[in-house]
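This report describes one protein model for a reader who has not seen it before. The sequence and structure come first, and the description follows.

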Amino acid sequence: MTDGIHFLDARGPDGVRLYAIGDVHGRLDLLERMHERIAGEIFLDKVADWRIIHLGDYVDRGPDSRGVIDFLIAACARDQRMIALAGNHDMGFLEFLEEADGGGLFARYGGRETAKSYGVDAHFHSPDALRLTWAELRCEVPGKHRAFMLNLRFSIGFGDFFFCHAGIRPGVPLNRQDPDHLIWIRNEFLDWPDLHPKVIVHGHTMTDAPEVLANRVNVDTGAWRSGVLTALVIDGAEKRLITAQA
């Protein structure tokens, strides 16, 4: 399959500037700095309309998952042009709140830091410790946080771009993608050489620097450990990258 949109030819919708922010993973400090930078650009450039798209993975690994969720809840309530998509870690957190699973994503990959941000000293080494952690988190995580994560959408499209957390299943129409693929897929998508119906903007797979390829753009620069949060800016035919750094 060679028909599709090439990054160099791709355009955003006329009159709307788009910002797509990569994986945050508990780095409230970087998310706040990114929003400050974006707000400054919008003000100085007198941007008439815009969307800020967060590509998921708000929790785990970094120090302030609770603060990130609070920030996004407030931002999305304040302006409907703020968009939050689901990541696999966000869904993994919800799954742990439903069922204490010591072998799941939350317990194995950064959930201890998330729990700490809610005031819970999490341990997963024994059935009793796991059950206690689960019970305490169930009490400490506000209902509005669960509701926010439950209502996250899995993808959105604007112009020649399609935004999701991890990527798409090549060859499957964009409107028929499996939500699990949208938050979990890796190699089948990352290694796909041909163009897609739209340019895919995603995170999920950490890289030292943003990846800008003909068929996709990866803006996950591992903010939780690198101290660099990356966003793609799309304004008509113009495309550029910006960062917020510790």
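Which residue takes a positive phi in the hairpin of strand 9 and strand 10? Gly236 does, with a phi near 65°, and the hairpin has 2 residues between the strands.

The model is predicted, so local features need pLDDT of at least 70 and side-chain atom pairs count only at pLDDT 80 or more, while totals for chains, interfaces and linings use all residues. Residues are numbered from 1 along each chain as its sequence is written, and side-chain values use heavy atoms, with hydrogens and water left out.

Helices (H or I, at least four residues) and strands (E, at least two) are DSSP runs, numbered from the N terminus. Two strands pair if DSSP finds at least two bridges between them.

**Two sheets**

One open sheet holds 5 strands in the order 3-2-1-9-10, with mixed pairing. Its edge strands, each pairing on one side only, are strand 3 (82-84) and strand 10 (238-245). On average, neighbouring strands of this sheet are turned by 20° against each other, direction ignored. Helix 1 (residues 28-44) packs on the sheet and touches strand 1, strand 2 (50-54), strand 3, strand 9 and strand 10. Contact here means heavy atoms within 4.5 Å. The direction of helix 1 makes about 135° with that of strand 10; axes are lines fitted to C-alpha atoms, for helices over the stretch in contact, and angles run from 0 to 180 degrees between N-to-C directions.

Another open sheet, also of 5 strands, has the order 4-5-6-8-7 and mixed pairing. Strand 4 (155-158) and strand 7 (211-212) are its edge strands.

Three antiparallel pairs from these sheets are listed below.

| Strand pair | Bridges | One facing pair |
|---|---|---|
| Strand 1 (residues 17-21) and strand 9 (residues 228-235) | 5 bridges | Tyr19 and Val233 |
| Strand 9 and strand 10 | 8 bridges | Thr230 and Thr243 |
| Strand 7 and strand 8 (residues 216-218) | 2 bridges | Val212 and Val217 |

Ile21 also stands opposite a residue of strand 9, Ala231. Strand 9 is mostly covered, with 6 of its 8 residues buried. Buried means under 20% relative accessible area, exposed over 50%, and partly exposed in between (1.4 Å probe, protein chains only).

**A helix pair**

The axes of helix 3 (residues 88-98) and helix 6 (residues 127-140) come within 9 Å and cross at roughly 105°. That makes helix 3 roughly perpendicular to helix 6, a label for angles of 65 to 115 degrees. Helix 3 contributes Phe93, Phe96, Leu97 and Glu98 to the contact, and helix 6 contributes Leu130, Thr133, Trp134, Leu137 and Arg138.

**Nonpolar cores**

A nonpolar core is a set of buried Ala, Val, Leu, Ile, Met, Phe, Trp, Tyr and Cys residues joined through side-chain atoms within 4.5 Å. The largest has 48 residues, of which Ile21, Met34, Ile38, Tyr58, Phe93, Leu137 and Leu152 touch the most other members. Helix 1 supplies the largest share of this core, 6 residues. Apart from it lies another core of 19 residues, including Ala10, Leu55, Ile156 and Val217.

Leaving out residues up to four places away in sequence, Phe93 touches Val59, Phe106, Thr114, Tyr118, Leu137, Val141 and Met149.

Notes: Angles under 35 degrees count as roughly parallel, over 145 as roughly antiparallel, 65 to 115 as roughly perpendicular and the rest as oblique.
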